[in-house]
Amino acid sequence: MTIEAAFGIPLFLFAAVCLIWLIEIQSIRISIINAAQNAAKSAAEDTAVFPVLNTGKLKTDIVSLIGEERIDRSILKGGSGSISCGKSWISPYTGEMNIIVDYQIQIPLSLFGTPTADMEESFKLSAWTGYRGRGAGGNNSDIVYVTDRGSVYHEDYQCSYLQLSIRMVTAADLEELRNESGGRYYACEKCVYGTAMSGAYITETGDRYHNSLGCSGLKRTIHAVPRSEVSGMGGCSRCSN
Ligand SMILES: [Zn+2]
Ligand SMILES: [Zn+2]
């Protein structure tokens with residue numbers, strides 16, 4: 001009887017504490033998702049003026065919506081520093097925002113070496129993009145689009161190969177982020193002097209980060225040319241057939 005009690009009570013207490021953590025994990029998840037959805041709506045309004053998703057501001061908005069004080073009391077590892085929105089991006093083609101929030105939680109249980117877990121919440125939201133028509137005349141037009149260095153022509157001016165998705169990320173996120181092909185981002189030779197500033201501009205397909213939004217590395221010059229001039233070129237696999 002006493003032996004059973006000696007084991008039973010600590011086990012019961014342990015189970016109770018675990019339950020409290022599970023509730024806390026769920027509670028912080030819901031807070032983050034709610035805050036992220038509200039922050040994303042405000043970001044969607046911003047992109048109408050300036051078509052770049054500012055992931056640093058997104059994070060600041062999420063933190064202020066949840067409240068610094070609530071975060072500091074939570075099981076988020078390192079408080080608000082553990083939240084990152086650096087992977088979020090906006091598609092210039094569909095205007096759809098892909099919001100991705102990464103964070104780390106830590107169970108304050110020194111007995112098991114304070115286990116941590118990486119969490120990710122993601123959702124999509126339509127950004128305000130205004131009216132979007134098909135490129136002049138649609139697919140049957142005699143005008144096609146080429147870039148300076150591209151080897152294919154595009155029938156659709158809105159093709160995602162032509163319209164780069166630029167996002168603004170914090171210097172801290174740059175280290176972790178990888179581009180579409182899994183490569184790191186290096187400093188742009190044209191516009192980055194010294195160390196990275198507080199925020200940098202990147203694209204999904206590029207391998208450079210930029211300090212200037214006006215940098216030629218972030219732009220593609222698109223020429224509209226008659227179809228007869230591109231007879232030697234192949235069509236883009238995404239928009240031409
Ligand atoms: Zn294309
Ligand atoms: Zn640059």
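Student: How many disulfides does a search of the whole structure find?

Tutor: It finds 0. A disulfide is a pair of cysteine sulfur atoms within 2.5 Å, and the search turns up no such pair. Some ground rules come next. This is a predicted model: local features need pLDDT of at least 70, side-chain atom pairs count only at pLDDT 80 or more, and totals for chains, interfaces and linings use all residues. Residues are numbered from 1 along each chain as its sequence is written, chains are lettered from A and ligands numbered from 1 in the order in which they are written, and side-chain values use heavy atoms, leaving out hydrogens and water.

Student: Which residues are the protein donors of the zinc ion (ligand 2)?

Tutor: Cys 188 (SG), Cys 191 (SG), His 210 (ND1) and Cys 215 (SG). A donor is an N, O or S atom within 2.8 Å of the metal (3.2 Å for Na, K and Ca); water is not among the atoms, so sites may look incomplete. These four lie 2.0 to 2.3 Å from the zinc ion, so they qualify as donors. Along the sequence their spacing is C-x2-C-x18-H-x4-C.

Student: What makes the site of the zinc ion (ligand 2) tetrahedral?

Tutor: The angles among its 4 donor atoms run from 103 to 114°. Four donors count as tetrahedral if all angles lie between 85 and 135 degrees; four count as square planar and six as octahedral if opposite donors are over 155 degrees apart and all others between 65 and 115; anything else is irregular. The site's angles of 103 to 114° pass the tetrahedral test.

Student: Why does Cys 188 count as buried?

Tutor: Its relative accessibility is 5%. Buried means under 20% relative accessible area, exposed over 50%, and partly exposed in between (1.4 Å probe, protein chains only). So Cys 188 is buried. Cys 191, at 11%, is buried too. Away from the zinc donors, Cys 236 has 1% and also counts as buried.

Student: How do you know that strand E7 is largely enclosed by the rest of the structure?

Tutor: Count its residues. E7 covers residues 166-170, and 4 of the 5 are buried, so the strand is largely enclosed. Helices (H or I, at least four residues) and strands (E, at least two) are DSSP runs, numbered from the N terminus. Strand E5 (residues 143-147) gives another case: 4 of its 5 residues are buried, so it too is largely enclosed.

Student: What shows that E7 pairs with strand E9?

Tutor: Two strands pair if DSSP finds at least two bridges between them. E7 and E9 (residues 199-203) share 5 bridges and run antiparallel. One bridge sets Ile 166 against Thr 203 in E9. Strand E1 (residues 53-54) joins E7 by 2 bridges, running parallel. There, Leu 53 stands opposite Arg 167 in E7. The result is an open sheet of 3 strands, in the order E1-E7-E9, with mixed pairing. E1 and E9 are its edge strands, each pairing on one side only.

Student: What is the strand order in the antiparallel open sheet of 3 strands?

Tutor: E2-E3-E4. Strand E2 (89-90) and strand E4 (116-126) have a single partner strand each, so one side of each is left without a neighbour in the sheet. Strand E3 (residues 96-106) meets E4 over 11 bridges. One pair is Gln 104 opposite Asp 118.

Student: Why does Asp 102 count as buried?

Tutor: Its relative accessibility is 17%, under the 20% limit, so it counts as buried. Asp 102 lies in E3. Leaving aside neighbours within four places in sequence, its contacts (heavy atoms within 4.5 Å) include Lys 87 and Met 119.

Student: What makes the pair of Asp 102 and Lys 87 a polar contact?

Tutor: Their side chains come to 3.5 Å. A polar contact is a pair of N or O atoms within 3.5 Å; within protein, one must be able to donate a hydrogen and the other to accept it, and residues adjacent in sequence count only if both atoms are side-chain atoms. The pair meets that definition.
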